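Work through the exercises below with the sequence and the coordinates open. Each task is followed by a solution in steps.

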Amino acid sequence: MVTAAKATKGPRLTPLAKLDVWKALQSHYKQVKGVHLRELFAQDPGRGEKFTAEAAGLFLDYSKNRVTDETMLLLVKLAEEAGLKQRIDAMFSGEKINVTEKRAVLHTALRAPRGASILVDGQNVVPGVHEVLDKMTAFANRVRTGEWKGHTGKRIKNVVNVGIGGSDLGPVMAYEALRHYSDRSMTFRFVSNVDGTDFAEAVQDLEPAETLFIISSKTFTTLETMTNAHTARDWSLLGLGGDQAAVAKHFVAVSTNAAEVSKFGIDIANMFGFWDWVGGRYSMDSAIGLSTMLAIGTENFQAMLHGFHAMDEHFRTAPFDRNLPVLMGLLGIWYANFFGAQTVAVLPYEQYLKRFPAYLQQLTMESNGKHVTLDGKQVTYATGPVYWGEPGTNGQHSFYQLIHQGTNLIPCDFIAFGQTLNKLGRHHDMLIANVFAQTEALAFGKTAEQVKEEGTAAWLVPHRVFEGNRPSNTILIDKLTPEVLGKLVALYEHSVFTQGSIWQINSFDQWGVELGKALAQRIVPELESASDPVLNHDSSTNNLIGRYRRSKEAR
């Protein structure tokens, strides 16, 4: 696809409330809001087969949602009338749909095949993507084979990724998710928090002569990342005799700021670049994924990219009524905007995906936590529900009580795999039995009559009733592989885009993180000042700064 990027200024939008289909959905909601999933399944015995979709090896069962045929027809019509197809085409072709920063949004180009053409400002960006991938591949192979050695000639055995936000959450999640495929002779650690404990614990048992740091910061000025980076350099030099030349053998950078990288002491030849059309939370398959490639190898990393691309193509081309990301995005809108659901639980029944919900928190909430539309008008409807979750079956003994019997409606995504990567007796059958049992219990519950039939005392019956009618999706996949991880992440990326497009918001800026960062820069010197600073904050902040300074002095 060859299309020149175009800047979009202040798009003229038709408010959602004025769309006929939005009004139709409001009327339809009033008709079906009280219908129980028990009734829906009783009325349509084939519902469990009908409300499903499959693509790229992912099977989605959305039959346990509070929807009818008419609901889905209206939701698909909403996507059509809201211009989702045009937005998809604009994103994939490199148009500058991030209007507040005047940038293209091309994380999909990061996994585009060699030879594809996507133009931004008249330049095909795909060759540059593959140039960086080739450079990463060459470097990863040198480290993994032992050809790359540290300052003292020792082989690199430890890799510490230093970043924050998308420069940390993506690599951490990917490493944990694909640990089964990782080189077990190497140790991988991740430092993000400016809390010194994070760094101290990460390097506690590491040998500087055997440790490589990846400093991931686009500007190489991010406060938290660079604070940790300088601490890492001091730690390395202390263990390597203080020779400044050692930095070049134990540090590489993922950045676009060559001047700052060089000033830090990193050889520019070991700087891996990326582009302003890659948002941090969409960057795990860019050079930000260098630690992932070092852990799982270049072939597995390429397989992950193939998975991403397969889901990209499905999203770009599939009809909306069979399009997995679109269906999931539309269901999310149905619950957020009509049922008033404020959160979504993501529940992977796979221990390797233990960091996946945390990764999705940034992807979804930084993308769609917006209060104005693309044309700067205040939104009059809910956007950006809270995403959260933990792996099953751990969560069942933690927060499922609230999902089953609490007063909040919490739609759930259950993620499960037909095959385990670690065959141990009956473990996997028991794990998957819990997936199916939980979705069944959430949907159908247990009536007072059923509880009474079990011989339960009358006074205890209300406590043991399960209302049911709690919606869920089940995503069933054969096996967790690097390729499947790419598909799964892209599924949620495009689901977020679907929702943002329909909500008419910019899913690709994050101005909400700026104010606190700017104020922190102002407060740091006030905390570190040798003399009492003149404080001009509110009375609470002034008082807290004073108490902190007195606490420091009392050490």
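A crossover is called right-handed if, with the strands pointing away from the viewer, the path from the first strand over the helix to the second runs clockwise. The model used throughout is a predicted one.

**Exercise 1. Strand β10 and its neighbours**

Task: Determine how β10 pairs with β11 and β12, which unit β10 and β11 form with helix α15, and which residues of β10 are buried.

Solution.
Step 1. Start with the pairing to β11, residues 386–388. Three bridges link β10 to β11, and the sense is parallel. Within this pair, A345 is opposite W388 of β11.
Step 2. Turn to β12, residues 412–417. β10 and β12 also run parallel, with four bridges between them. Here L347 faces F414 of β12.
Step 3. Add the helix. Together with α15 (residues 356–368), β10 and β11 form a β-α-β unit that is right-handed.
Step 4. Check burial face by face. In a regular strand, side chains alternate between the two faces of the sheet. On one side of β10 are T343, A345 and L347, on the other V344, V346 and P348, and all of these are buried. Six of the six residues of β10 (343–348) are thus buried, so the strand is largely enclosed by the rest of the structure.

**Exercise 2. A strand with an uncovered face**

Task: Describe which residues of β1 lie on the covered face and which on the uncovered one, and how β1 pairs with β2.

Solution.
Step 1. In β1 (residues 52–55), A53 and A55 make up the covered face, while T52 and E54 make up the uncovered one.
Step 2. The partner is β2, residues 58–61, joined to β1 by four bridges in the antiparallel sense. E54 has F59 of β2 opposite.
Step 3. The two strands form a hairpin with two residues between them, and A56 has a positive phi near 55° there.

**Exercise 3. Salt bridges**

Task: Using a cut-off of 4 Å between a side-chain nitrogen of Lys or Arg and a carboxyl oxygen of Asp or Glu, describe the pairs K77–E81, R322–D321 and D509–K370.

Solution.
Step 1. By this rule the model has 25 salt bridges.
Step 2. K77 and E81 meet at 3.9 Å, N to O. Both belong to helix α4 (residues 69–81) and are four residues apart, about one turn of the helix. K77 is partly exposed at 41% relative accessibility, and E81 is partly exposed at 36%.
Step 3. R322 and D321 also form a salt bridge, at 3.9 Å from N to O. R322 is exposed, at 51% relative accessible area, whereas D321 is partly exposed at 42%.
Step 4. In the pair of D509 and K370, the closest N and O atoms are 2.9 Å apart. D509 is in the loop between α20 and α21 and K370 in the loop between α15 and β11, so this salt bridge ties together parts 139 residues apart in sequence. D509 and K370 are both buried.
Step 5. Salt bridges also link R111, D285, D312 and E493 in a network.

**Exercise 4. Helix α6 and V129**

Task: Where does V129 lie, is V129 buried or exposed, and what covers the buried residues of its helix?

Solution.
Step 1. V129 is in helix α6, residues 126–145.
Step 2. The relative accessible area of V129 is 2%, below the 20% limit, so V129 is buried.
Step 3. Leaving out residues up to four places away in sequence, V129 touches A109, L110, W275 and W277. F274 is 145 residues from V129 in sequence, yet their C-alpha atoms are 7.9 Å apart.
Step 4. For the helix as a whole, the buried residues include V126, H130, M136 and F139. Among the elements covering the buried residues of α6 are β7, β8, α12 and α13.
Step 5. The 20 residues of α6 span 28 Å from first C-alpha to last, close to the 28 Å expected. Just after α6, G146 has a positive phi of about 90°.

**Exercise 5. Nonpolar cores**

Task: Which residues have the most contacts inside the largest nonpolar core, and which helix contributes its largest share?

Solution.
Step 1. The largest core has 124 residues, and W277, L294, W334, F356, L485 and Y492 have the most contacts inside it.
Step 2. Helix α14 (residues 324–339) supplies the largest share of this core, 12 residues.
Step 3. Another core, of 25 residues, lies apart from it and includes F213, W235, A246 and F251.
Step 4. Among the residues that Y492 touches, beyond those up to four places away in sequence, are M328, V346, F356 and D413.

How values were computed
Residues are numbered from 1 along each chain as its sequence is written. This is a predicted model: local features need pLDDT of at least 70, side-chain atom pairs count only at pLDDT 80 or more; totals for chains, interfaces and linings use all residues. Side-chain values use heavy atoms; hydrogens and water are left out. Buried means under 20% relative accessible area, exposed over 50%, partly exposed in between (1.4 Å probe, protein chains only). Two strands pair if DSSP finds at least two bridges between them. A nonpolar core is a set of buried Ala, Val, Leu, Ile, Met, Phe, Trp, Tyr and Cys residues joined through side-chain atoms within 4.5 Å. Contact means heavy atoms within 4.5 Å. The expected span of a helix is 1.5 Å times one less than its number of residues.
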